[in-house]
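This report looks at charged side-chain pairs and where they sit in the fold. Have the structure open while reading.

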Amino acid sequence: MNRTILLDGDIVTYKIASTQENAVDWGDGVFTMYADAEEGKQRLDDEIESIRATLEANRVIVALSCPRSENWRRDVLPTYKANRNDKAPMILAALKQHLRDKMEVWERPTLEADDIIGIIATRDAGEEIAEPRFVPLDQRREGAAVARYHAPVEGEVVVIHSSR
């Protein structure tokens, strides 16, 4: 059976980019932050490959959100996600570009990654598995917080994204 993973690239890149930031204390109250983009890219590749191998998938589609300012929800509610910190981790853009360069990435104007995942899953899915945000596969209890939805098409799709 063909198995496709629909991965919320916003979540995995943010998680990795934020954990790659390191502080250096130069003394006298002077600090700098740095992150190694190449190390982050390797961690990102390893994370995606681990998910793919664990779930025995032969295809991974990564969904990335449009820029926040272009999100259709802002036209409806200008305060949508206004409480979010605008400071992104310093290598976030580099990790997203790495995905674009290396993986099958879907981005659509005005849509967030989970919108794209929902559209793909209902079009291409035989089975969708939504898993909780930020919980590594090796720390999940079997059957915990996993919902299955059946769609009327062939193949199997595994969705890794938030289950708000």
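Is Lys15 buried, partly exposed or exposed? Lys15 is partly exposed, because its relative accessibility is 22% and the buried class ends under 20%. The model is a predicted one.

**Overall fold**

The protein has 5 helices and 8 strands. Read from the N terminus, the order of elements is β-α-β-β-α-β-α-α-β-α-β-β-β. Of the 164 residues, 40% are buried. The accessible surface is about 9800 Å². Carbon and sulfur atoms account for 50% of that surface. Contacts reach far along the chain: among those between residues at least 6 apart in sequence, 77% join residues at least 24 apart.

**Salt bridges**

Side chains of opposite charge can pair when their charged atoms come close. Here the count is 9 salt bridges. The table lists three of them, including their closest N to O distances.

| Acidic residue | Basic residue | N to O distance |
|---|---|---|
| Asp10 | Lys96 | 3.2 Å |
| Glu47 | Lys15 | 3.1 Å |
| Glu104 | Arg59 | 2.6 Å |

Take the salt bridge between Asp10 and Lys96. Asp10 sits in helix α1 (residues 9-19) and Lys96 in helix α4 (residues 92-102), so the pair ties together parts 86 residues apart in sequence. Asp10 and Lys96 are both buried.

Next comes the salt bridge of Glu47 with Lys15. This pair links distant parts of the chain, with Glu47 in helix α2 (residues 37-54) and Lys15 in helix α1, 32 residues apart. Glu47 is partly exposed because its relative accessible area is 25%. Lys15 is partly exposed too, at 22%.

Then there is Glu104, in a salt bridge with Arg59. This one joins two strands: Glu104 belongs to β5 (residues 104-106) and Arg59 to β4 (residues 59-63), 45 residues apart. What is the exposure class of Glu104? Glu104 is partly exposed, given its relative accessibility of 30%. Arg59 is also partly exposed, with a relative accessible area of 34%.

**A network**

Which residues are linked in a network of salt bridges? Arg73, Glu112 and Asp115 are.

**In brief**

Helix α1 contributes to two of the pairs described, through Asp10 and through Lys15. The Asp10 and Lys96 pair is buried on both sides. Glu47 and Lys15 are partly exposed, as are Glu104 and Arg59.

Technical notes:
Residues numbered from 1 in each chain as written. Predicted model: local features only at pLDDT ≥ 70, side-chain atom pairs only at ≥ 80, totals over all residues. Heavy atoms only, no water. Salt bridge = Lys/Arg side-chain N within 4 Å of Asp/Glu carboxyl O. Helix = DSSP H or I, 4+ residues; strand = E, 2+ residues; numbered from the N terminus. Buried < 20%, exposed > 50% of the residue type's maximum accessible area, 1.4 Å probe, protein only. Contact = heavy atoms within 4.5 Å. Areas by Shrake-Rupley, 256 points an atom, 1.4 Å probe, with all protein chains shown as cover.
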